[in-house]
Each structure stands twice: as structure tokens, then as C-alpha cells.
Amino acid sequence: MTSNEKPGWKSLPVGAVLPEAGSSVKYKTGDWRAFRPLVDKGKCVNCLLCWIYCPDSSIIRKEKWVEVSYEHCKGCGICAHECPTDAIKMVEEKK
Amino acid sequence: MTVVGLTGDEAIAYAVKQSKVDIVAAYPITPQTIIVERFSKYVADGEVHTGYICVESEHSALSASIGASLTGARVFTATASQGLALMHEMLYIASGLRCPIVMGVANRALSAPINIHGDHSDMMGSRDSGWVQIYAENAQEAYDWTIMAFKLAEDKDVQLPIAVNLDGFIISHCMEGVDVLEDEATEKFLQSRIPQFTIGPEKPITVGALCFTDYYFEFKRQQVEAIQNVPVVLDRVGKEYQGITSRNYSALETFRMEDAQAAIICLGSTAGTAREVARKLRAEGKKVGVIKLWLYRPFPTEEISAALRHAKALAVLDRAISFGAPYGALCSDVISVLHTLKESPKIFNIIYGLGGRDIQPSDIELVFNEALETAKTGIVKEKTMYLGVRE
């Protein structure tokens, strides 16, 4: 049966349009992740290659190193692959 | 009012010209080519201010049309047969994204074997694509319906694409006197499209978003509602069009159905032949009638029931085969309407005219006589007859 929490067809925008721009930030894709990137702050040289390559804008710039936003990181591993100092390791998520 | 000599294809091109279409994206295919060819001449001669997009396939033609429609533009395209088949996946996207595109379809058989002539296999293969589907009987109707289609498609309660069908060659290539409107009258009737939403850099929106198990169903239900709104909107649009042309359009047209015992129901140009034969048989005292559907989707259920009040036998003419189905598509639809009635006429299905095979008045007379016999005996001899096929 239909859930009462979600709107019915009469109140949804016609044609599945999302009238509000930039709404993807509300869609938390972090739970898709099978592997979690872990940053070794000692090895990170803050070159920001990971920040450039991250397709989900999930690398957060800090003054001397980078951190990861786990709300949106899907665990694709591009940051770990691109890191020139091997400062990022992909570690399996434990449920 | 001015009467000009136009083929069905030319009549549609002329209607599109007068409808002040913003974008045409199309790819040529027989027997539709003349529509977009004539229209491209209007563009080249500076008679219209339409953006004309030459694309590399029908799939791209409809894709470009969808993109243009989403910007709020009034869009036209045209195709036939293999071209419509190649558009197939985009048909569902046009209706799902609620793009009020109008498309001329010069109905033609589908390969294989290859054939360029008229039958309804192409559109019948796309009948569940969520498009409103209209069948014209002649060039005049093709012209009138094209203009009305824009108003109907763009109505806020509809917002769906419309296919205006015309029989390949029989209508598309035959010249007739077509009573055309003045440009000003068309402009006043149609006015500009008022889109419900538009894509553009000023106000970004998302169209074509992912909708999984939790939302997809709701948007399909919206489409059902939109297509069911068509008869009400058509009533309004038809009356307004009648006001400027004196031509009266609705979901269907009947001929002598008020007391008909035996009737034919059909689509497109065959209706003209059927009416002519019915006229002759009426003069002989035979109570026959004809129902011609203009609107095939949504299916005019109530109007058909009302038209068949007195009929004892009904021959349903299908110009396409639904392989392995109990009947042709139109016949299955008609039967699904009638099974709820207390007294339903005896029904049989005539499959005819495939690959452009001619249907003569003598063929129609044979069908009427069969229907009269069925009305008398109450017995259907053959559920499905393949009219004119060699055994």
C-alpha cells in the first residue's frame, strides 16, 4: 500500500520536474559506499588533486590536509587512486 | 476562407506554417517527406521564423523536439513507418516529460518485407506510448486537426504530445481542395503557448529525474489523468474551431447511426468509402451506418456505446494486425467497451488494406452485407476475416 509520508500523484509536480535547483545536496549518497576513504594526515601534502578529481565534491579542504564528507562520498576510490603520496586508503565499510 | 489545392502532406505543412511553430526537427521518410520538405521551403524563403533542425535520424528528430519543447517552444515533427519505430523510446519520454509536441504521421506499413504504402501498423505499434492519437480522413481533416492539435496538446490540463495520423499516399499524396484559414484567424485561435515549466539558465530546474519504486507509479498515474482530460478539452477546442470554420470536430463522427442495424467502425480514409457505400445501401432500404473515430487515444468509450444503441451487428475494420492477439487492436478496444453493455451487437473483425492494398466500394459492400446477415441471424460466421488476401 502507499505510504502516507510521501506525496500522492495529485500534489506532485507535473512530469516529475524538480522545480528547485541544486537539490542534489539533499540526497545523501553516503550510504551507497562499500569502501571508505581514510586520509593519513601525516602523508597528505595538501596538493588538492583529490579535491579536483572527486566527482561528488566530497573532499573538504583544511589548512594543511584534506578531509572527506561521508554524507555524500560514494566510495568510488578516485581520490585514493590519484593521491601522489598514497595518503588515502580505501577501507571496507563494516556494517 | 480560401480553398487551395493541397495534398494531405502539404495541408499539414501549411497548418504548421500558420501555427507559428518555433522549432521543427525532422528527418525525411516516405510518405511523410513532403510535410517537412514543404516546410523547409517556407523556412528558406523567409515565410516563417521557425528554427529548423536537420538531424541524422528520427530518434534524434524527436530527441531535439523534446529538448526544444522543454524550453517552452511550440514544436512540430513528422514521420512514418520505420521512422516512428526508430523514435519508439523517445515517444515515451516525450509523453512522460509532458511535452506538447505535435507530430504528423503519414501511416505506412512496417518492414519486413519492405513496403512504402499505407496501413496503420506503425502507429498501432506505438499505441501505448502515452500520445494522444488522431486519425484524419482527408487533407481537410489533416489540416484542421494539426491546428487544433497544438491547442489541445498545450492545454494546461493535457500537456501531452499528439500524433495526427493520415493514411500514407491515399491522403498524404492526393490533392484536394482544402479550405484554409486566414493567418490572422489561426493566430487568434492558437495564441502563444503558455508552458507550465521551462528549462533555461535564468531559473534552473531538473527534468528527467530518477524516479524509483517510490515515485515512478505516481507520475504514470498523472499521465492517465492528463489523457483522460482530452475529451473535455477537445469539446472546448472543437467548439471554438467550429466558430471560425463551421466545421465540427469531436471524438468521432457517425453516419446514419440513429437507426442502423448493421454498422462499420473504422479509422482514416476508409471512412469516406464506407460512407459512400452506406449511402447507396440506404437508398436500397438497408439500415446501415458508419462510425469513424477521429480520436483513437484516449478511446471514446461512451461515444461509441451511445452510437451503437440500436446496432445488431458491427464490423470493426483494422488496417493492422496484432499478431497472436484475439482481434486487431481497434476491434479489441471496441469489444472491451461493449462487454459492459446490456445488449451488445454481434461483432466481427475485418483485417484489410495491409501494405497499401486498395479497399474498393465493392469490398465495403461485402462487409456491410455480412454485417446485415449477422444482424438478421445473430450468428457470427467468422470472428476475423482477412479481406482481399489471396488464399
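**Notes on a predicted two-chain model**

1. In chain A, 18% of the 95 residues are buried. This value, like every other in this note, comes from a predicted model, and the points below should be read with that in mind.

2. The radius of gyration of chain A is 18 Å, whereas a compact globule of 95 residues would have one near 12 Å. Along the principal axes, the C-alpha atoms of chain A fill a box of roughly 55 × 30 × 20 Å, which gives a reader a first idea of the outline to look for on the screen.

3. Chain A contains 2 helices and 4 strands, and a reader who follows the sequence from its start will meet them in the pattern β-α-β-β-α-β. If one takes the contacts in chain A with a separation of 6 or more, 66% of them are between residues 24 or more positions apart.

4. One residue of chain A deserves a look at its backbone: D86(A) is not a glycine, and yet its phi is positive, near 55°. Most residues other than glycine have a negative phi, and most peptide bonds are trans. D86(A) belongs to the loop between α2 (78-82) and β4 (88-92) of chain A. Is D86(A) buried or exposed? It is exposed, because 9 other C-beta atoms lie within 10 Å of D86(A), and a residue counts as exposed at 12 or fewer.

5. Turning to chain B, the domain assignment divides it into domain 1 (2-245) and domain 2 (252-386). The C-alpha centres of these two domains of chain B are 28 Å apart, and the contacts between them involve 28 residues of domain 1 and 20 residues of domain 2. On the side of domain 1 of chain B that touches domain 2, the elements that give two or more residues are α6 (121-124), β6, β7, α9 (216-228) and α10 (230-245) of chain B. Which of these elements gives the largest share of that side? The answer is β6(B), with 4 residues.

6. An open sheet in chain B is formed by 7 strands in the order β3-β2-β4-β5-β7-β6-β12, and its pairing is mixed. Its edges are β3 (51-54) and β12 (295-297) of chain B, each of which pairs on one side only, and from one strand to the next the twist averages 20°.

7. At one end of that order, strand β2 (residues 23-26) of chain B pairs with β3(B) in the parallel sense, over 4 bridges. Two positions help to place the pairing by eye: A26(B) has C54(B) as its bridge partner in β3(B), while I23(B) stands opposite G51(B) in β3(B). Between these two strands the chain passes through helix α2 (residues 33-44) of chain B, making a β-α-β crossover that is right-handed.

8. Two cis peptide bonds can be found in the loop between β5 and α6 of chain B, where both A112(B) and P113(B) are placed. S111(B) and A112(B) are joined by a cis bond with omega of about -5°, and A112(B) and P113(B) are likewise joined by a cis bond with omega of about -5°. A colleague looking through the model may wish to view this stretch with care.

9. A further open sheet of chain B has 6 strands in the order β9-β11-β10-β13-β14-β15, again with mixed pairing. Here the edge strands are β9 and β15 (384-386) of chain B, each pairing on one side only, and the twist averages 20° from one strand to the next. Strand β9(B) runs antiparallel to strand β11 (residues 288-293) of chain B, to which 4 bridges join it, and within this pairing E253(B) stands opposite K292(B) in β11(B). Helix α13 (residues 329-338) of chain B packs on the sheet, where it touches β10, β13 (313-318) and β14 (346-351) of chain B, and its direction makes about 145° with that of β13(B).

10. A last point concerns R256(B), which is not a glycine but has a positive phi of about 55°. R256(B) is located in the loop between β9 (252-255) and β10 (262-267) of chain B. R256(B) is partly exposed, because 16 other C-beta atoms lie within 10 Å of its own, a count in between the 12 or fewer of an exposed residue and the 20 or more of a buried one.

Notes: Residues are numbered from 1 along each chain as its sequence is written. Chains are lettered from A and ligands numbered from 1 in the order in which they are written. This is a predicted model: local features need pLDDT of at least 70, side-chain atom pairs count only at pLDDT 80 or more; totals for chains, interfaces and linings use all residues. The radius of gyration is taken over C-alpha atoms; the globule rule is 2.2 Å times the number of residues to the power 0.38. Two residues are in contact if their C-beta atoms, placed from the backbone, lie within 7 Å. Two strands pair if DSSP finds at least two bridges between them. Axes are lines fitted to C-alpha atoms, for helices over the stretch in contact, and angles run from 0 to 180 degrees between N-to-C directions. A crossover is right-handed if, with the strands pointing away from the viewer, the path from the first strand over the helix to the second runs clockwise. Domain bounds come from an automatic or database domain assignment.
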